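I opened a new structure today and kept notes as I went. The entries follow the order in which I looked things up.

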Amino acid sequence: MPPVNLSDTAQRQEREVPRATGDVWRRHPADVARLVLALLALAVLLAVAGWAPDAVRNTSQDLVDLVRRLPGPVTELLLGIAQLFALVAPPAIAVWLVTRRRFRLAGTALVAATVAGVSMALLQGRLDRLVPPVADRAQASESWFTGAEFPSGSYLASFTAAVVVLGAASTRRWRRVGWWLVVVGMLLRVAAAVAIPVNVFVTVAIGAAAASAALVALGAPMRRIGTATVLDALHGLGVPARDVVEVDVDARHSRTFRTVDHEDGTSSVFVKLIGWDERAAESLQRLVRAVRVRGIEDEHGERTSARVARQEALAGLLAARAGVRVAEVLAVGQTPEEDGIVVLAPLAGRRLAEVPADEIDDGLLREAWTQLALLHRARITHRWFDASSLFLADDGSLHVLDLRWAVVGADHELLPIHGGGRAVSHAQ
């Protein structure tokens, strides 16, 4: 069954979510997707190294010869910087984790780093056969602290694994910092002529695979945006509210809130929060869908949470203008950490999937197809149009829910696409 966001479900069906006091851990589909991709990349790299070792060695020799033209002091400076960071980073990270009492996260990172380091050490002998002699001589040279072979491939693999694990509990900004450090470490090893590109990419792939396997096996912490952050974001959008409470309406890939406007608990708006955890949870699903159906992922490039929220708001506004019954879009924005927020007018009723079959008559079915026809006439494809994305209001009207996956300005090939790549046919 396709994922469903039920942001417009009636408030009488809501269940208030207790406010979390610590980390919430769970297994993430994104980690499965990352594990699959890392293993595929590792397999391709090892296959290339095994099938064409001479070509890899000759290419590496040319690159090393080019890098070796750098002045000696420059090479020593690059190695010294890499070694200084390699010595300082582990204790700094350990202190940060201990002071914040993130012991489970520290344990997971340690397990992943150990597995990555040992795996790389076991594979190092095979990879060393691809290293040209001039790189071997570079590894034997001295640097600021120790030999030029430090930080080794095992260290870089362990560091990559730690970055992936810690990134699961970090903000987007710090995840970027971590990956930039990994990239810098890769470039420094190549620039100092102590490693060749194939070995460096294999090292990073091993680290990512080990970390993803650890997160799949042990779970990953969810980054839970607090209600205070949501309330501040709403105030920034000009939405008045005394408080915000999180509610459970069986939504997937989004968190849902409602505002508390008065002392009696009445609410005037419904809020959807699309955070990094919610976006990452879709990774495996998007990967499978892209493989199954060519062209269904119409937007290439990074779709951040804030962009997803704006896309849903835009689709909702255009759909309403075309006469489609949807929840009124009141505002759209983002938190300081770029989590997307969509503010909607609440609806009272129930999903069509929850309506007993004997209550669904021909008129209701005709209305469902009418709403779909109006969407298509406005060049909007819903992509998850089924009974779970239709909402029967208390007044008997039928509304379309969850335009998060919708595409505006869709062409004739994309318009018939239903959930997961299935096509639907109807009379326009």
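Entry 1, a helix. Before checking a helix length I wrote down the rule: the expected span of a helix is 1.5 Å times one less than its number of residues. I note here that the model is a predicted one. I took helix α6, residues 153-167, which has 15 residues. From its first C-alpha to its last, α6 reaches 21 Å, close to the 21 Å expected. I then looked at its surroundings. Of the 15 residues of α6, 14 are buried, so the helix is largely enclosed by the rest of the structure.

Entry 2, the chain as a whole. I counted 13 helices and 13 strands in the chain. The chain has 428 residues, and 51% of them count as buried. About 20300 Å² is exposed, with carbon and sulfur atoms supplying 60% of that area. I also looked up contacts between residues at least 6 apart in sequence: 76% of these join residues at least 24 apart.

Entry 3, strand β8. I asked how many of the residues of β8 are buried. The strand covers residues 340-344, and five of its five residues are buried. I checked the two faces separately. Gly340, Val342 and Leu344 lie on one side, Ile341 and Val343 on the other, and all are buried.

Next I looked up the partners of β8. Strands of a sheet pair through backbone hydrogen bonds, either parallel or antiparallel. With β6, strand β8 pairs in the antiparallel sense over five bridges. I noted one position there: valine 271 has valine 343 in β8 as its bridge partner. With β7, strand β8 also runs antiparallel, joined by five bridges. In that pairing, valine 332 has valine 342 in β8 as its bridge partner. The strands β7 and β8 form a hairpin, with five residues between them. In the turn I found glutamate 338 with a positive phi of about 70°.

Entry 4, a three-stranded sheet. I followed an open sheet with the strand order β9-β11-β12 and antiparallel pairing. Which strands stand at the edges? They are β9 (349-351) and β12 (398-400); each has a single partner strand, so one side of each is left without a neighbour in the sheet. From one strand to the next the twist averages 30°. Strand β11, residues 390-393, pairs with β12 over three bridges. Phenylalanine 391 stands opposite histidine 399 in β12. I also found helix α13, residues 362-377, lying across β11 and β12 and running at about 35° to β12.

Entry 5, salt bridges. Side chains of opposite charge can pair when their charged atoms come close. My search of the whole structure gave seven salt bridges, and I looked at some of them.

Glutamate 246 and arginine 255 meet through their side chains at 3.0 Å, N to O. Both glutamate 246 and arginine 255 are buried.

Aspartate 402 forms a salt bridge with lysine 272, with the closest N and O atoms 3.7 Å apart. The two come from distant parts of the chain, 130 residues apart: aspartate 402 is in the loop between β12 and β13 (407-408), and lysine 272 is in strand β6, residues 270-274. I asked why aspartate 402 counts as buried. Its relative accessibility is 6%, and the cut-off for buried is under 20%. Lysine 272 is buried too, with a relative accessible area of 0%. Lys272 and Asp402 are also linked with Glu312 in a network of salt bridges.

Arginine 325 pairs with glutamate 367, where the closest N and O atoms are 2.4 Å apart. Arginine 325 lies in the loop between α12 (305-321) and β7 (329-334), and glutamate 367 is in helix α13, so the pair ties together parts that are 42 residues apart in sequence. Is arginine 325 buried or partly exposed? Arginine 325 is partly exposed, with a relative accessible area of 33%.

Entry 6, one valine. I ended with valine 200, which lies in helix α8, residues 197-218. Valine 200 is buried, at a relative accessible area of 3%. I compared its position with that of valine 183. The two valines are 17 residues apart in sequence, and their C-alpha atoms are 9.9 Å apart in space.

How values were computed: Residues numbered from 1 in each chain as written. Predicted model: local features only at pLDDT ≥ 70, side-chain atom pairs only at ≥ 80, totals over all residues. Heavy atoms only, no water. Pairing = 2+ DSSP bridges. Axes fitted to C-alpha atoms, helices over the stretch in contact; angles between N-to-C directions. Contact = heavy atoms within 4.5 Å. Buried < 20%, exposed > 50% of the residue type's maximum accessible area, 1.4 Å probe, protein only. Salt bridge = Lys/Arg side-chain N within 4 Å of Asp/Glu carboxyl O. Areas by Shrake-Rupley, 256 points an atom, 1.4 Å probe, with all protein chains shown as cover.
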